[in-house]
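Me: I have a structure open and would like to go through it in small steps. Can we start with how the chains relate and then look at some side chains?

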There are 2 protein chains.
Amino acid sequence: MSEKKIPYKIYLEEQEMPTAWYNLRADMKNKPAPLLNPGTHQPMTAEELGGVFCEELVKQELDNDTAYFDIPEDIRNFYKMYRPSPLVRAYCLEEKLKTPAKIYYKFEGNNTSGSHKLNSAIAQAYYAKKQGLKGVTTETGAGQWGTALSMACSYLGLDCKVYMVKCSYEQKPFRREVMRTYGASVTPSPSMETEVGKKILAEHPGTTGSLGCAISEAVEKAVTNEGYRYVLGSVLNQVLLHQSVIGLETKTALDKYGIKPDVIIGCAGGGSNLGGLIAPFMGEKLRGEADYRFIAVEPASCPSLTRGVYAYDFCDTGMVCPLAKMYTLGSDFIPSANHAGGLRYHGMSSILSQLYDDGLMEAVSVKQTDVFEAAEYFARVEGILPAPESSHAIRAAIDEAVKCRETGEEKTILFGLTGTGYFDMVAYEKFHDGQMDDYIPTDEELAKYREMLPKID
Amino acid sequence: MSEKKIPYKIYLEEQEMPTAWYNLRADMKNKPAPLLNPGTHQPMTAEELGGVFCEELVKQELDNDTAYFDIPEDIRNFYKMYRPSPLVRAYCLEEKLKTPAKIYYKFEGNNTSGSHKLNSAIAQAYYAKKQGLKGVTTETGAGQWGTALSMACSYLGLDCKVYMVKCSYEQKPFRREVMRTYGASVTPSPSMETEVGKKILAEHPGTTGSLGCAISEAVEKAVTNEGYRYVLGSVLNQVLLHQSVIGLETKTALDKYGIKPDVIIGCAGGGSNLGGLIAPFMGEKLRGEADYRFIAVEPASCPSLTRGVYAYDFCDTGMVCPLAKMYTLGSDFIPSANHAGGLRYHGMSSILSQLYDDGLMEAVSVKQTDVFEAAEYFARVEGILPAPESSHAIRAAIDEAVKCRETGEEKTILFGLTGTGYFDMVAYEKFHDGQMDDYIPTDEELAKYREMLPKID
């Protein structure tokens with residue numbers, strides 16, 4: 001392999017790091033639909049949301065017009081502990097695939113939370129601290145978000161209460177232990193600590209839990225405890241705002257070398273990584289300054305964009321949260337027990353849902369074993385063992401690069417490598433042992449959950 | 001926290017990365033003692049060593065005079081996938097400790113092997129490949145070295161056979177699974193695959209294995225299989241040579257900002273990290289160009305420098321390896337079962353042993369619970385969950401920084417953060433649950449093993 005001008009890894013200098021988050025909504029002609037009060041079906045007011053979320057975060061959540069929000073200095077300093085994250089030129093992958101395509105990935109896994117989730121965790125914890133709160137509550141599924149929030153809270157001296165989906169709690173004791181190292185309290189959900197947990201346990205005694213259920217418990221805990229608020233790691237507008245740091249760094253790094261991606265790929269569960277990665281590029285597209293292809297990659301076992309409907313739905317199982325308009329499979333949908341890793345939320349960020357509905361973004365779904373095949377291939381070639389979630393984007397990027405080999409096109413492919421798979425070795429083991437299936441929900445199943453959607457005018 | 005001129009992380013540019021390894025032996029007046037043939041007690045010849053190690057590596061092992069060895073381009077390209085590693089200014093730790101000391105650490109954990117071991121693994125695998133070998137054999141204790149070698153072999157298409165100390169094999173299934181992801185074959189040691197393994201099992205039926213025993217098995221496997229050689233992750237001169245990349249990068253980064261460390265601290269098991277980190281600095285000291293304090297930090301449960309003797313000893317339990325002169329506890333010494341993580345080898349690199357014997361380096365031993373206390377403190381403050389091994393250095397660095405707080409000295413402290421603890425959560429759990437003890441071998445115990453040292457003139 002000969003010397004090339006573009007380095008294997010592009011790191012920004014500290015002074016090149018973003019000083020403001022970019023709010024994509026400011027450039028959207030069709031704004032994302034507002035959250036609705038589940039009782040009145042009227043848009044949620046700042047006052048109503050203030051019972052659940054911190055004040056500053058409510059402002060960020062509701063603001064569809066301000067293009068840039070300054071990143072407070074304390075958050076910028078925290079970012080400096082693990083950012084800038086590298087933008088990697090995948091020379092080895094290109095060579096192995098014998099593709100004329102140029103492949104780049106923005107790697108967010110080089111921190112102890114193992115993913116990009118820390119970018120929003122520190123922001124949300126910071127505003128909670130600033131408001132003088134005692135602590136925050138949240139839910140976690142695969143565990144990255146819970147870990148990230150634990151780290152942020154520990155740093156700021158905030159109490160952190162995590163409801164962890166019971167099956168993850170049992171299958172991932174090491175994730176629990178990391179959160180414990182950071183001083184968080186972790187409860188398997190559903191639990192007997194909340195009314196909604198008790199209710200769900202009474203109705204489904206053997207349940208191993210779900211994200212929607214853990215959200216309900218975390219929200220209840222926040223609103224019934226003085227000095228606590230609820231925080232969420234994805235889906236919300238505020239989270240996509242914070243995650244714009246990924247896209248902003250990426251764009252600065254690419255611009256330094258005069259590189260323009262043709263296609264930008266990200267995995268999509270609730271949309272936090274994808275929304276953050278594409279933000280400044282989508283902004284250019286919306287303003288007519290540049291054009292890009294955007295591809296959201298979701299699991300075939302939880303296909304909210306590719307097989308869901310665009311409608312108002314509950315964000316949680318207990319129906320304690322506001323209603324959100326989004327591509328959704330229905331709030332009672334839970335992916336097959338054999339589904340590994342995250343990307344298991346029934347809905348999708350309202351911002352991304354609107355962009356997808358407007359035809360500004362594509363979506364594909366990929367099968368689980370194809371994802372793990374790509375993950376292992378990537379690990380061996382690029383030396384990073386990826387998270388199952390991130391590997392959805394790897395799968396799609398490899399597929400695009402192989403197409404380029406066939407057509408001879410020298411496309412520039414950019415994807416988001418959201419995290420590492422060090423706490424997902426049980427899933428890798430299943431894959432190696434041939435015990436991983438590719439269950440895909442039937443049309444009948446999806447129709448059943450669709451019928452349960454709330455009726456909104 | 002106000003803006004400071006020195007960034008949180010100093011990354012070198014790709015073109016600033018070392019192009020040659022530095023061989024500290026070239027500047028040592030008292031050279032490390034040669035390896036001896038266990039039968040004749042004569043220095044091992046290149047021909048004899050060639051049966052066990054690759055030719056190029058034998059040259060590197062025996063060469064006490066050449067100061068620099070060019071790093072082959074393929075290895076440099078592999079390094080670019082995960083290097084340069086950041087030199088981190090521990091602003092948050094300094095602030096939390098309220099110390100006037102300036103603390104820096106070179107962080108080697110941002111790769112999937114989770115440690116600095118990859119630096120030598122790729123070098124050793126490269127020379128094996130270049131020699132046209134089919135594969136390599138090795139042993140692994142805590143698992144970092146086995147993982148690193150698996151990654152390097154997978155990248156180069158070499159077969160990789162790992163003997164993993166049985167208790168680690170059983171306690172760290174995820175480490176095994178990572179190696180499997182990289183296509184390595186992993187056998188718990190002692191095994192029935194080798195004569196020496198059978199013999200040890202016959203004599204000690206319930207044994208959970210030891211590093212010395214796994215080394216014997218790996219060496220036997222290599223010398224009895226056509227096209228295979230043995231590779232080792234620490235102790236050897238060649239390994240310290242490759243690991244000099246750590247110190248060289250560190251020195252370049254410090255020089256860019258005109259920083260001169262007063263004290264340089266590293267954890268020491270076999271000596272690979274410490275020897276690599278200090279190499280260029282010790283070179284300056286040996287040449288009379290500068291002075292530094294060097295501190296080797298070892299576990300109180302396996303105190304080869306602080307309580308061992310400087311003598312020729314066997315490198316392995318089966319006595320199939322050459323004899324090495326080193327600070328040693330005796331080749332049958334095995335640390336207490338409660339000892340977590342690596343740093344469990346009975347001896348110490350011959351290079352470091354000689355430097356220590358010449359009074360050029362200090363050594364301290366630290367207790368296990370003190371180490372984990374430092375680890376958790378560091379994780380919360382600096383955001384990186386450290387490996388138990390690395391945490392020995394953290395402990396000593398914190399102790400030095402606290403001394404500075406008491407004396408008011410503005411010392412510059414540099415330490416090596418060799419890796420992450422993501423696969424060590426069982427040990428963290430033990431610590432959190434108060435189930436970790438601080439067993440320290442008695443003088444009588446150490447004397448017993450000392451009596452078993454071979455008698456060499």
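Reply: What follows is a short chat about this predicted model.

Me: How is chain B laid on chain A?

Reply: A turn of 180 degrees with a shift of 0.0 Å along the axis lays chain B on chain A, and the RMSD is 0.0 Å. That is the relation of a two-fold axis.

Me: Which C-alpha in chain B is nearest the axis?

Reply: That of B:N110, which is 3.0 Å from the axis.

Me: And why do the copies meet through the same surface?

Reply: Of the interface residues of chain B, 100% are also interface residues in chain A, so the same surface is used by the copies.

Me: New topic, rings. How many aromatic pairs are there over all chains?

Reply: The structure holds 39 over all chains. In one of them, A:Y292 with A:F294, the ring centres are 6.0 Å apart and the planes are at 55 degrees, so this pair is tilted.

Me: Why does 55 degrees make it tilted?

Reply: Planes under 30 degrees apart count as stacked and those over 60 as edge-to-face, so an angle in the rest of the range counts as tilted.

Me: Are those two buried or exposed?

Reply: A:Y292 and A:F294 are both buried.

Me: What about B:F53 and B:Y230?

Reply: B:F53 and B:Y230 form a tilted pair as well, with 6.0 Å centre to centre and 40 degrees between the planes. This pair links distant parts of the chain, as the two residues are 177 residues apart. B:F53 is in the loop between α1 (46–50) and α2 (55–62) of chain B, while B:Y230 is in strand β9 (residues 228–230).

Me: Buried or exposed, those two?

Reply: B:F53 and B:Y230 are both buried.

Me: Which residues do ring pairs link into a cluster?

Reply: A:F78, A:Y79, A:Y82 and A:Y155.

Me: What sits over the ring of A:Y169?

Reply: The charged end of A:R176, at 4.2 Å from the ring centre. In chain B, B:R176 lies over the face of B:Y169, with 4.2 Å to the ring centre.

Me: Last one. Where does B:E284 lie?

Reply: B:E284 is in helix α12 (residues 272–286) of chain B. Its relative accessible area is 13%, and buried means under 20%, so B:E284 is buried.

Me: Which residues does B:E284 touch?

Reply: Leaving out residues up to four places away in sequence, B:E284 touches B:K251, B:E289, B:A290 and B:Y292.

Definitions and conventions
Residues are numbered from 1 along each chain as its sequence is written. Chains are lettered from A and ligands numbered from 1 in the order in which they are written. This is a predicted model: local features need pLDDT of at least 70, side-chain atom pairs count only at pLDDT 80 or more; totals for chains, interfaces and linings use all residues. Side-chain values use heavy atoms; hydrogens and water are left out. Rings of Phe, Tyr and Trp (its six-membered ring) pair if their centres lie within 6.5 Å; planes under 30 degrees apart count as stacked, over 60 as edge-to-face and the rest as tilted. Buried means under 20% relative accessible area, exposed over 50%, partly exposed in between (1.4 Å probe, protein chains only). Helices (H or I, at least four residues) and strands (E, at least two) are DSSP runs, numbered from the N terminus. A charge sits over a ring if NZ of Lys or CZ of Arg is within 6 Å of the ring centre and within 35 degrees of the ring normal. Copies are superposed by least squares on the C-alpha atoms of residues with pLDDT of at least 70 in both. Contact means heavy atoms within 4.5 Å.
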